[in-house]
Structure formats: C-alpha cells, structure tokens
Amino acid sequence: MERFYDPKGIEEKWYDFWEKESLFNADIDIDKKPYTILIPPPNVTGILTVGHVLNMELQDIMIRWKRMQGYAALWLPGADHAGIATQNEVEKELMKEGKSRHDLGREKFIEKVWEWKEIYEQRILTQLKRLGSSCDWRRKRFTLDKGLSRAVQEVFCRLYEKGLIYKGNYIINYCPRCKTAISNDEVEHIEIKGSLYYIKYPVEGKKGFLTVATTRPETMLGDTALAYHPGDKRFKPYKNKRIVIPIIGRKIKIIEDDFVDPKFGTGLVKVTPAHDANDFEISKRHNLDVIFVIDSEGKMTEEAGKYKGMDRFNARKALIGDLKEMGLLKKVTEHTYSVGHCYRCDTIIEPYLSEQWFVKMKPLAEKAIEVVKRGDIAFHLPRWKKVYFHWLENVRDWCISRQLWWGHRIPVWYCEKCNEFFVSVEKPEKCGKCGSCEFKQDENVLDTWFSSWLWPFSTFGWPDETEELNYFYPTDTLITGWDIIFLWVARMIMASLEFTGKIPFKDVYFNGMVRDEKRVKLSKSLGNSPDPLDLIKEFGADALRIGLLFITPEGQDVLFSKERIEVGRNFANKIWNAARFILTTIEKEGIEIKDQVVEPETKEGEWILSKLQKLNNEITSLLRHYRFNDVAKTLYEFFWHEFCDWYLEMIKPIIKQGDKKINQNICSVMTQAMKTLLKLLHPFMPFITEEIYQRLPHSEKSIMVSTWPTSEKGFIKRDIEKEFELLKEIIMALRNIRGEMSIPPKRPSPCIITSSKSSSLDWLSPYEIYIKELAKVDSLTIESTIKKPPFSASWVVGDMEIYVPLKGLIDIEIEKERLTKEIKKLEKESVLLDKKLANSKFLKKAPKEVVEKTEKKRTDFLSKIERLQKNLTSLVEVKKDEQKNKEKKS
C-alpha cells in the first residue's frame, strides 16, 4: 500500500467506477422501500460556493446511508434557471461587447442565455461530481425544461380558474437595476443611517406653514394630500384646507386617516400614492389622484418638473438644495430606518404602482400551517416552526410576474383586436368576444420560485400520474438553508397540498449559513467564497467534506477558513496509515483473511468488537436525528483514539509473541473492525473508504452497496468494556507519572499496583502485557496491601494505588527544583482563576460553557498541584533519609 494518501487519482478512479457500474441509480423496486431527496436546484449563475458544498454533502450523507440500509435511495439532481440572476449575468457579458438585450431581440437573447446555461450548468455538475455526490444523473431536471414548463403552465391555469390568481394595480417592489418587479420575500431589508427631512408646506391663503417629516423628499413632487390622525387635535383646524407643494406649486388637500401615527415626525404625513404602499391604500379610501414622479428606471418623470430625467437620488440632493434656498427646509435630523434592497443586485427598491399578476396566498397557507402543527412534517431544529407559522399567518399575496425575458412566459393571451385576455396553456384559436384569431402572449415571465415551488412533484412527471410519482413521491427529506424557508420551503408545502393532496416531504433539515471568519456570508458576488474545486485540489474531497462537518454545529452558522479543512486532511491520513498498518501486518504474518465474521480470542479483540456494537447504534441514532456534527466528531474520536491509539497499539505485543493461530484471529478481527468503521465513515468520506475497502476481503461490488452495520448482541461484553476503561486509566496514570516526573522516554520503569481489596486486582492478570508495552514498564508487581515504597511517585485509579519507584530513574535535586517551579506556576495561575470566578460580572456575562470550562481548569490545576506536592514531599523525604544514612556512616 502506498505510503502516502493521494486523493486526486483515487477520487477520479472511484467516481468513474460508481458511474460506470450505475451504483447511483434508483429504480422502482416493489421489494424495497423508497427513500427520496430532491436537490435544492442551484442557480446556473456560475460556481457553487462552500455553502453549497455543505448543503450537498449533507444530502449525500443521507442518501449513501439509506442506500446501505437497503432502500431504493434516489437523490434527484437538477438546476434552477434563476430568472433575474441569470439574465443579469448574460446582460453583463453583452455589455462588455457594447450591446444590450434589446439589440439582440427577445428570441436571440434567449438563445444566448441557453448557450450560457449549458456552459455553467456543466461547471456545477462537475463540482458536484468532484465532491462525490451520488445523484441519479439519468433523472437530472432543469426548472425550464419542457416537462416543468408544462407543469408551470398547468398550475397557473388551475389557480386562475379557481380564482387564486388575479391581475391588478398595486404597489410592488421594483428594482430599477434589474428592471423588474420582485416579491416581498425577495426584498432584503437593511438598516441604514439616513436623514429625516422636515419640509415646510405653505398653507393656501395663509401666511403659515405645515411641516412634514420624510425620508424620501423627492417623492414630495408626487404628493396628492397631507394626512393626520383623526384623534390629533393639533391639525383639526386644517381639515379639508389646502396646502401648496413647494417648488411645483400644486395644491392638495389635508385629510384625516387612521393609519397616520401621531408620534412620528410632526404627526402630519405626505401621501404619495404612486410610490408608497400605505399611501396607495390611503388614496383608495379618499379617492385621491395618483401621480408618477419616478419611472421604472429610477429616474424622475415629466411630472417632476425641472428635475425630469434626473436619477432619484441626484434629484433628492438638488431638491433639498432648492428647499434650503427657499427657506422651506426647517431641519434635517439623523434617522436610522430599514430600506428594502434587491436580493440579487443590492439596488435600493423603488415602491412602484404597477399592473402585475398575483397569487392569493391565504387560502393556500391554511393547510400548510395545519400539516406542520399536526406533525406530518417535522422541522429540524423545531425552532424554525415558529418562524414558519409567523410568516404564513401574516402572508401577503405573491407578486408572480417579472419584467424579464428569461423564464416561463405567462400563459395569458391578449386579443390584438379587442384586448380581451384568455388564460390557457395553448394559444386560443379564436377570441370569444370579437372573433379575431390574432393573439399576443403576455410579455412578462413568472417569478423563478413559481417553478421551484412545484419541484417535489413536477420532477416526477406531474400533472401525469406516472409510476415514478406514485413510488418516489412524497419525498422523505429536504435539506436546505434557513434563508429560503419562505421563498421555497413554505411554498412547496402549499403547492404540494394544493395540487397533489399530499405533503412534499416528511422532514426538513435547515443547515446553517457558511460565513467567513468575519461572519460575512460566503458568496460569489462578495468574492469571499473559494471555488470548491480549488479546495478539493488542495485537500481532497473527503477532507473537505469531513472538515466542514467538524465545524458545523447543529443548525447553526459555520465559520469557514481553509485551516479548518486541514483537520479533515489529517484525519484522512490517519485512516490511510491505519489501513497500511493492517495490510502490512497481514502481509508480514503471511495470513489469508476471509470475508467472514469471526469470534475474537484475545481481550483487546473482544473489547473493540463490543465497543463497535455500541458505536453502530449511536451513529445510526445520530443520523436518524440529523446530528451530522455529532456523528463526525464521534467517528473521529473513536477511530483516532479507541481504534488507533488503543486497539492497534494493544495488538502489537500480542502479535510479537508469534502464535500463528492467535495472530490469524487477531488479523481477522482487526480486518472485521476496520471494515465496520469504513462502512460507518463511508457516507462522510466516500472515496478513501472505497479505496481501502476494495483492498480488504469483501463480497460486495462496492462499499456503497454493502450492508450498513447493526449491533450484534453476541459481541457485546460489558464486563470487558469496564475492565478496559480501568486498564486505560492505569496506563494513562503511568504515562502521566512519567511525564510529570520527567522520566526519560526510552527508559522503562518499574510499577507496583496495589489495593486494600484483593478483589480489585483479580481481573488484572491477563492485561499485564498491555500495561508493560503501552506504559513502558519493565517490572510489574500486582499485589494487595503493599505500602508505598520510598522515593516513588503515586496515582490513584478507583480502589487501586499505583506506585512508580524513582530511584535510578531521575536526578533528585534537578527534579525537586523543577517540581517546585511547576507548583509555584500552577498556584499563580490558580489564583488568577479564583479571581476570575469570584468576579460577578464575568459570571453574569460570560457564556455558560466558558464559565464551566474555567471552573474545570481550576479544578484540574488544584488536582495537579496536589499530585505534584505529594511527589515533591516524597523526594524531600528521600533526601532526608539519604542525609541521615550519611550521618550514621560518618
């Protein structure tokens, strides 16, 4: 076996093998239970991020685990057409050539986007494969493919017929950069430090002014009223009076409305129906005019007078300057408030009155609330249910139309003669109103999420009743980020219940967000996410996968750095080295190992197989509860410490004894244990486990389709496990004594193990060889009621006392000096810890785990001081005895 693990060649070799052997494929099999995960389709807008890697890895873990448990495990892959994001990227490419999409025209532009999609989708697929993703690639779907397009059109038509889709004029969120409407859930609200402008409006026919506070003074030009709360007596005298809008001179009335907050600003608000959602509702109640002063590109319209053509923010600066000159700007104060930004390009959203298509969400939300409350769908962690319920209970209608070219064209047809519209999948043959045969399809496309919310069932052929739909749907598990709980998770539940009458999945696991060490989310746009392919090239896919899990607390955000992945690489190397030792030992002994279960004939063999039964149950239980971080840590600790540090070290002295029969058994048990661990590790580290598994005796084609380990009662030996825990404590105690007393590493020491109870020593006899080999002991005495020998260090383990006579092993004077210094240092540090723990501010403000860690550190220091003090006393007594002996002789 090669001395060093080289992941590159191994990973490529085995992925090709898995694909060639069709091991990822999941087919309908009535003898197997289905287990289905649908990939959250990544956007075809470039490379995947480390955040995607974590999400994909967790899905692959579940699929590989269930496949090994005997399920028909389907992980269905795909990609999202990502309307706004993809169109933006292609438009950027065109801009480099000095062109716009309008230069190409709609048809040619869409062809260009399809070309772009093919290139970038392939890059994403390459990344997924390099990561080890075991998807059934035969079933790959795209949210804009023919099948999904049919499902989208069918859903639109059904919802319209049911009265759940409607067209209307409403204030929507409009992105001037992307030039499209976006839904409320696609708006990112960011707190900014801005200004509150107090503007004086002249009262018609009087000398006085009324002052209004606003954060958006440029919209003043579109005001059609001022409003105050009916209970606000300050403005009662002005009811139905008129004021003059500064600069443009338009006269508007003063009205009462319950919406107004008397405590905000001056208690008087400006009403701009075309550019504020709340103002639009006020305008409907009072039949006010609607005047547009900002257009769809974020520029001032003709209604804005001399500011026409200016960018909205430049117009703000110019307007404020003019108001100052006119003496109509009373004051400007700092004001922190939330501003909506486009989730794709970070442009500040413009509230804009526009005719759009909407879905009524309240009727769909009721059932979606009910299934989660009833427990039909479980959220991991459960805390996300509260967030989910809050959103659905306050859900607003969904604006689904987008002013884009890339996407699902809205299945609405307008008669070119009379403008009557018809909703249908196919173009109508004849207008039912005027008889014309000329139709034009709606220019807008549907929101990307309108196809994504159908993902769980449209991917299996819905609206047709396919065999795949009946077998693989509902799916089992959804693994996704918490940031799209509204955009996607809730909507999928609503759509699935509405169109199939079934829940889309049984469990939802929300993985944390991957952030950099400054706690900023890793993203392509910010440039702080390395290309996963570069990380795989540097560390290997297995190291990246397990390394990420080590730093992923359950459901919490992940702080990523390349250094953290090194832990994963070190672990992969440890596994490789353990395998090398096993295979080299088998080869040296000339032993033939068969692929069969054997009964252990040595103590350490009984112990490791007994421990593995508990590990099998523990890992299975943790996976069942999506405790990925705990699984990774448990496997790491067991493999590195129990298996390598203890078990493999313990077999070495037994093998040295040269008993062929015993060595045959040891090698068989060792192989058996290694194969079990490889199987448990496989979902997490698929490549290295396959490589080693193929070098060991095996009957299955691949570890991927081998049987998942289960606990076998016959191997459980609780008494042996208890004895080994004590044995390990004895060996650790001897190692600690050697370290604390500075016994040279190569020099063996004598050891005495004694107890007042002889029964406490009866079990030790078979374990002497392990103590001698692992604790560097040359002479071992196990006997009850032995008194502590002079000049010896001691340790207590249970009812046993352990003594190490030090005479001839160390220099007494040097050791006395060293121990004295060490004790003083520990006492000083202990005092500092005492002060810290006596500090009420520290106890109140520090996290519970930090306080507990500090308390443990103090306890450990005190315990160590006590031990060192005993050892120092022992040395002092020896020195006194030597002095007395000298005096007697003289």
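**Rings, cores and a sheet**

In this predicted model, Phe358 has a relative accessibility of 6%, and because buried residues are those under 20%, Phe358 counts as buried. A search for ring pairs through the whole structure returns 55 aromatic pairs. Phe358 takes part in one of these with Tyr166: the two rings are stacked, with 5.5 Å from centre to centre and an angle of 15° between their planes. The pair joins distant parts of the chain, since Tyr166 belongs to strand E5 (residues 165-175) and Phe358 to strand E14 (residues 350-359), with their positions 192 residues apart. Tyr166 has a relative accessibility of 18%, so Tyr166 also counts as buried.

Another aromatic pair, formed by Phe724 and Tyr770, has a tilted arrangement, with 6.1 Å between the centres and 50° between the planes. This pair likewise links distant parts of the chain: Phe724 lies in helix H22 (residues 718-740) and Tyr770 in helix H23 (residues 768-774), 46 residues apart. Phe724 is buried, at 0% relative accessibility, and Tyr770 is buried as well, with a relative accessible area of 2%.

Rings also gather in a cluster. Phe156, Tyr160, Trp357, Trp398, Tyr414, Phe421, Phe450 and Trp453 together make up one aromatic cluster. The ring of Phe421 has the charged end of Lys167 over it, 5.9 Å from the ring centre. A similar arrangement is found at Trp65, where the charged end of Lys66 sits over the ring at 4.4 Å from its centre.

The nonpolar interior comes next. The largest nonpolar core comprises 216 residues, and Phe450 and Phe643 are the residues with the most contacts inside it. The element that gives the most to this core is helix H19 (residues 628-656), which supplies 17 residues. Leaving aside residues up to four places away in sequence, Phe643 touches Ile582, Ile608, Phe638, Leu648, Met670, Ala673, Met674 and Leu677. There is also a second, separate core of 28 residues, whose members include Tyr228, Ile252, Met300 and Ala304.

Helix H21 (residues 686-695) is mostly covered, with eight of its 10 residues buried. These buried residues are Pro686, Phe687, Ile688, Thr689, Glu690, Glu691, Ile692 and Tyr693. Among the elements that cover them are helix H1 (7-20), helix H2 (50-68), helix H5 (106-131), helix H16 (541-550), helix H17 (562-589) and helix H20 (660-681).

The last part of this account concerns a sheet. Four strands form an open sheet in the order E27-E26-E29-E28, and their pairing is mixed. Strand E27 (777-782) and strand E28 (792-797) stand at the edges; each has a single partner strand, so one side of each lacks a neighbour in the sheet. On average, and with direction ignored, neighbouring strands here are turned by 20° against each other. Strands of a sheet pair through backbone hydrogen bonds, in either a parallel or an antiparallel sense. Strand E26 (residues 749-755) pairs with E27 in the parallel sense, over five bridges. Within this structure, Ser749 has Val777 of E27 as its bridge partner. Helix H22 packs on the sheet and touches E26, E27, E28 and strand E29 (800-805), and the direction of H22 makes about 150° with that of E28. H22 is thus the helix that holds Phe724 of the tilted ring pair and that also packs on this sheet.

Methods:
Residues are numbered from 1 along each chain as its sequence is written. This is a predicted model: local features need pLDDT of at least 70, side-chain atom pairs count only at pLDDT 80 or more; totals for chains, interfaces and linings use all residues. Side-chain values use heavy atoms; hydrogens and water are left out. Rings of Phe, Tyr and Trp (its six-membered ring) pair if their centres lie within 6.5 Å; planes under 30 degrees apart count as stacked, over 60 as edge-to-face and the rest as tilted. Helices (H or I, at least four residues) and strands (E, at least two) are DSSP runs, numbered from the N terminus. Buried means under 20% relative accessible area, exposed over 50%, partly exposed in between (1.4 Å probe, protein chains only). A charge sits over a ring if NZ of Lys or CZ of Arg is within 6 Å of the ring centre and within 35 degrees of the ring normal. A nonpolar core is a set of buried Ala, Val, Leu, Ile, Met, Phe, Trp, Tyr and Cys residues joined through side-chain atoms within 4.5 Å. Contact means heavy atoms within 4.5 Å. Two strands pair if DSSP finds at least two bridges between them. Axes are lines fitted to C-alpha atoms, for helices over the stretch in contact, and angles run from 0 to 180 degrees between N-to-C directions.
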